[in-house]
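Biologist: I have a new model on screen and want a quick tour. Can you walk me through it?
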Amino acid sequence: TNIVHTLTNRRYKEKVISYTESHDQALVGDKTIAFWLMDKEMYSGMSLLTPASAIVDRGIALHKLIRLVTMALGGEGYLTFMGNEFGHPEWIDFPRLGNDWSYAHARRQWTLADE
């Protein structure tokens, strides 16, 4: 009931956008939801060439349930960050003085679909 209350606790007719993932989590060094659910299995357990591990199967199922509950109860709109889960499996670091203005970690990793 805590989840239901948290997602529905707002003023009457107040428009709300809900989401389950935030780029900020990856930007500040925290893990994304998919990484909390599957962790290191995301590197080796998601290939099309081998059967998925039980951890990956469970993680994807739970991720879908989390999104479903959020979409159902979260308000009038849903903001998705799916690319954050599977396009950035590691942390994101945009060009800045501290990384010598490098773009090395500021890109989508399109090769993941081929691995």
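Modeller: Sure. One term comes up at once: helices and strands here are DSSP runs, at least four residues for a helix and at least two for a strand, numbered from the N terminus. Keep in mind that this is a predicted model.

Biologist: Fine. How many helices and strands does the protein chain have?
Modeller: Six helices and two strands.

Biologist: In what order do the elements run from the N terminus?
Modeller: The order is α-β-α-α-α-α-β-α.

Biologist: What share of the 115 residues is buried?
Modeller: Buried residues come to 28%.

Biologist: And the surface? How much area does the protein chain expose?
Modeller: About 8,300 Å². Carbon and sulfur atoms supply 61% of that area.

Biologist: Back to the inside. Which residues make up the largest nonpolar core?
Modeller: Seven residues: Ile 33, Ala 34, Phe 35, Leu 37, Met 38, Met 42 and Val 56.

Biologist: Which helix gives the most to this core?
Modeller: Helix α3, residues 33–38. That helix gives five residues.

Biologist: What about contacts along the chain?
Modeller: Take the contacts with a separation of 6 or more. Of these, 56% join residues 24 or more positions apart.

Biologist: New topic. Which residues make the nonpolar surface patch of about 330 Å²?
Modeller: Leu 62, Leu 65, Ile 66 and Leu 68.

Biologist: Where is Leu 65 found?
Modeller: In helix α5, which covers residues 54–73.

Biologist: Why does Leu 65 count as partly exposed?
Modeller: Because its relative accessibility is 47%. The partly exposed class lies between the buried limit, under 20%, and the exposed limit, over 50%.

Biologist: Now the backbone. What sign does phi usually have?
Modeller: Most residues other than glycine have a negative phi.

Biologist: So what is phi at Lys 13?
Modeller: Positive, about 65 degrees, and Lys 13 is not a glycine.

Biologist: Where does Lys 13 sit?
Modeller: In the loop between α1 (2–8) and β1 (17–18).

Biologist: Is Lys 13 buried or exposed?
Modeller: Lys 13 is exposed, with a relative accessible area of 68%.

Biologist: And what is phi at Asp 100?
Modeller: About 60 degrees, again positive for a residue that is not a glycine. Asp 100 is in the segment after α6 (82–86).

Biologist: Buried or exposed for Asp 100?
Modeller: Exposed, because Asp 100 has 67% relative accessibility and the cut-off is over 50%.

Notes. Residues numbered from 1 in each chain as written. Predicted model: local features only at pLDDT ≥ 70, side-chain atom pairs only at ≥ 80, totals over all residues. Heavy atoms only, no water. Core = buried A, V, L, I, M, F, W, Y, C linked by side-chain atoms within 4.5 Å. Buried < 20%, exposed > 50% of the residue type's maximum accessible area, 1.4 Å probe, protein only. Patch = residues over 30% accessible without salt bridge, like charges linked within 9 Å, V, L, I, M, F, W, Y side chains within 5 Å. Areas by Shrake-Rupley, 256 points an atom, 1.4 Å probe, with all protein chains shown as cover. Salt bridge = Lys/Arg side-chain N within 4 Å of Asp/Glu carboxyl O. Contact = heavy atoms within 4.5 Å.
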